[in-house]
Amino acid sequence: MATLHSPAVRGGRLRALLYVLPALIVVVGIVYLGIGYNAYVSTLEWSGIGDDRRPVGIDNYIGVFTDPVFWTSLSHVAIFAVVTIAAQMAIGLTMAILLSGRIFLGGVYKVVMFLPVVLSPAAIAVAFRDILSPGGGLNEALRAIGLDGLTRAWIAEPETALMAIAVINIWAWTGFSFILYQAALAQVDTDLIEAAQLDGAGKLRTLWSVVVPQLSGTHATLVLIGVIGALKTFDIVYLTTGGGPGRSTEFLTTYIYKTAIDGFQAGYAAALSMVLLLLSLLLTLIQMRANRFGRS
Amino acid sequence: MFGRLRTRDRVVLQVLATLIAIPFAYPIIVIVATSFEGQGAIENYTAVLTRTPFLRFLANSAIIAGGTIVITFVCTMLAAYAFSKLRFPGRQMLFVVVLGGLVLPAIALIVPIFTIMLGLGLMNTHIAVILPLAAITIPFTVLLAKNFLDGVPDEILEAAKIDGANTLGTLFWIVLPLARPIIAVVLVWTFLQSWNEFFLPLLLLQSSDMQAVTQVPLYFTSEYGSDTPKIFASLVLISLPVTIAYLSLQKLFERGLTAGAVK
């Protein structure tokens with residue numbers, strides 16, 4: 001056998017399996033068995049707690065696709081994903097570029113941007129519920145700078161509630177985009193930048209046509225993480241609007257929670273969960289494929 | 001990257017960066033300032049610490065975080081070592097199986113987790129939260145640690161083999177000491193995930209003496225109405241451990257995070 005490919009550590013081939021076994025037991029035992037059980041429950045009409053299981057075939061799935069609340073929730077997730085991902089990437093990249101100019105107190109700006117990322121979404125949601133209330137910090141700030149006309153009950157009005165939640169998410173996660181862009185900027189090929197400037201390109205022009213395209217790997221990573229993150233978003237919605245007013249901020253996750261726990265419809269919640277699962281899997285595969293084609 | 005900047009350009013950058021940073025700093029300032037209002041800072045914070053089960057909640061979260069960290073750390077280092085340095089049938093496939101857990105939102109497992117924990121009589125126990133938390137954290141930490149170990153040259157391990165170390169000995173005496181930076185990242189990341197988790201405790205810990213810190217604000221609102229300064233004092237207190245963890249390991253943490261995500 002070619003020694004080039006010999007593993008760094010020899011040992012029984014099967015004994016090596018023992019090393020991955022604990023991780024596999026935990027992940028497969030909970031995630032994969034969970035999905036399997038979920039798939040089974042999704043074919044039942046069941047309250048989730050009693051012995052009242054009744055097989056209904058694919059009725060729950062037909063129910064999901066003809067359920068207006070499902071489509072409304074999905075459209076909210078889509079709008080939320082586009083708005084938050086675009087804003088986080090734009091602000092994060094801008095800040096990473098500005099801080100690369102070695103400005104005064106750069107380290108403090110960095111902590112300010114990244115601190116929200118490590119804070120609990122539950123704490124952030126509760127804080128913003130108050131800050132965005134009619135008498136809260138945002139309206140106070142608006143009044144202080146003479147913009148009284150703009151004040152409103154941000155999370156209590158259907159017109160602004162979804163955008164208010166998007167703003168909370170942008171506040172919480174922009175630091176993540178910022179940190180990744182900062183790491184990627186450090187690896188940008190400086191020869192190309194110098195060449196562009198020798199050719200007479202201005203600084204902004206160089207940034208846009210030389211630097212930004214070199215960050216394509218980071219853009220792709222952030223879009224992928226952002227899409228999955230939008231599908232997963234639960235805490236900040238549940239703790240600020242709870243999906244309301246009405247259904248104006250219902251997400252798939254809050255709808256699943258309400259259906260399973262408040263509505264005692266385990267079968268229907270399981271079907272909704274399967275759709276959420278397939279959606280995140282599908283979007284991940286599409287983006288990974290697109291990214292690979294983009295690179296080759 | 002801009003090369004040398006003129007003073008005027010640097011002032012422009014400084015002003016722009018400040019304008020972006022203000023909205024990010026403002027909520028933090030409001031939270032801390034509000035927690036000092038009402039009956040005053042000392043009264044607010046002592047009320048949270050002594051007149052509510054806050055310390056009980058803190059202990060629950062510490063137990064949950066500790067348990068999750070132990071399980072995640074052991075599973076992650078063993079698996080990452082095998083995926084990076086050992087060869088066995090199905091290695092590639094099993095790696096994909098573990099990574100599959102990355103895209104899964106925990107809430108998509110609400111029905112199975114709830115029924116299984118109910119069936120096993122584990123409702124209102126720490127282990128009911130620890131196991132699912134470890135399961136959704138391990139895929140990411142395995143990815144981070146494997147990426148790191150891939151950068152450790154095989155020659156170092158070959159040398160250990162010639163010296164007579166067996167597979168497990170090599171992991172303990174050679175690999176783990178070399179992997180200290182990524183170990184720190186795995187520990188901090190798992191701590192953040194388990195400390196900040198809201199959904200699993202909400203679902204599985206419903207008795208009032210078992211709740212986690214992320215449930216404190218809800219508990220306050222239902223027990224004490226909306227005494228905002230005290231609620232904000234509790235927010236500051238539950239955010240302190242993660243803030244301290246982040247600030248003290250800032251460099252290491254950012255390096256690890258980008259290493260796992262940029263590759």
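This is a guided tour of a predicted model with chains A and B, moving from chain B as a whole to its contact with chain A and then to a few places in the backbone.

**Chain B as a whole**

Begin by selecting chain B alone and colouring it by secondary structure, which will show 13 helices and zero strands. Turn the C-alpha trace of chain B until its principal axes line up with the screen, and the spans along them come to about 70 × 70 × 30 Å. Of the 263 residues in chain B, 48% are buried. If you display the contacts of chain B with a sequence separation of 6 or more, 81% of them turn out to join residues that are 24 or more positions apart.

**Where the two chains touch**

Now bring chain A back into view and select the residues through which the chains are in contact, namely 80 residues from chain B and 81 residues from chain A. On the side of chain B that touches chain A, helix α1, residues 7-35, gives the most, with 13 residues. Colouring that side of chain B by class gives 61 nonpolar, 12 polar and seven charged residues.

**One helix pair across the contact**

Keep α1(B) selected and add α4(A), whose axis comes within 9 Å of that of α1(B) and crosses it at roughly 45°. Because angles from 35 up to 65 degrees fall outside both the roughly parallel and the roughly perpendicular classes, the two helices count as oblique to each other. The crossing of α4(A) with α1(B) is left-handed. Show side chains next: Tyr109(A), Val112(A), Met113(A), Leu115(A) and Pro116(A) of α4(A) meet Ala17(B), Ala21(B), Phe24(B), Ala25(B) and Ile28(B) of α1(B). The residues of this contact are 10 nonpolar, with no polar and no charged ones.

**The nonpolar core**

Select next the largest nonpolar core, which has 172 residues, and label those with the most contacts inside it, which are Ala23(A), Ile168(A), Ile256(A), Ala79(B) and Ile110(B). Helix α7 of chain A, residues 158-185, gives the most to this core, with 17 residues. Centre the view on Ala23(A) and, leaving aside its neighbours within four places in sequence, look for its contacts with Cys75(B), Thr76(B), Leu78(B), Ala79(B), Val98(B), Ile138(B) and Val142(B).

Then move to Ile110(B), which belongs to helix α5 of chain B, residues 110-119, where the buried residues are Ile110(B), Val111(B), Pro112(B), Ile113(B), Phe114(B) and Met117(B). After α5(B) comes Gly121(B), whose phi is positive, near 70°.

**Backbone details in chain A**

Finish in chain A with the loop between α3 (68-99) and α4 (106-118), where Leu105(A) is found. Leu105(A) has a phi near 65°, a positive value in a residue other than glycine. Is Leu105(A) buried or exposed? Leu105(A) counts as exposed, because 12 C-beta neighbours lie inside 10 Å.

Go on to the loop between α11 (235-240) and α12 (252-262) of chain A, which holds Pro245(A). The peptide bond that joins Gly244(A) and Pro245(A) is cis, with omega about -5°.

The last stop is Phe264(A), in the loop between α12 and α13 (266-295) of chain A. Phi of Phe264(A) is also positive, near 50°, in a residue other than glycine. With 15 C-beta neighbours inside 10 Å, Phe264(A) counts as partly exposed.

Terms used: Residues are numbered from 1 along each chain as its sequence is written. Chains are lettered from A and ligands numbered from 1 in the order in which they are written. Helices (H or I, at least four residues) and strands (E, at least two) are DSSP runs, numbered from the N terminus. A residue is buried if 20 or more other C-beta atoms lie within 10 Å of its own, exposed if 12 or fewer, and partly exposed in between; C-beta atoms are placed from the backbone. Two residues are in contact if their C-beta atoms, placed from the backbone, lie within 7 Å. Ala, Val, Leu, Ile, Met, Phe, Trp, Tyr, Cys and Pro count as nonpolar, Asp, Glu, Lys and Arg as charged, and the others, Gly among them, as polar. A nonpolar core is a set of buried Ala, Val, Leu, Ile, Met, Phe, Trp, Tyr and Cys residues joined through C-beta atoms within 7 Å. Axes are lines fitted to C-alpha atoms, for helices over the stretch in contact, and angles run from 0 to 180 degrees between N-to-C directions. Angles under 35 degrees count as roughly parallel, over 145 as roughly antiparallel, 65 to 115 as roughly perpendicular and the rest as oblique. A crossing is left-handed if the near helix is turned anticlockwise from the far one by less than a right angle, and right-handed if clockwise.
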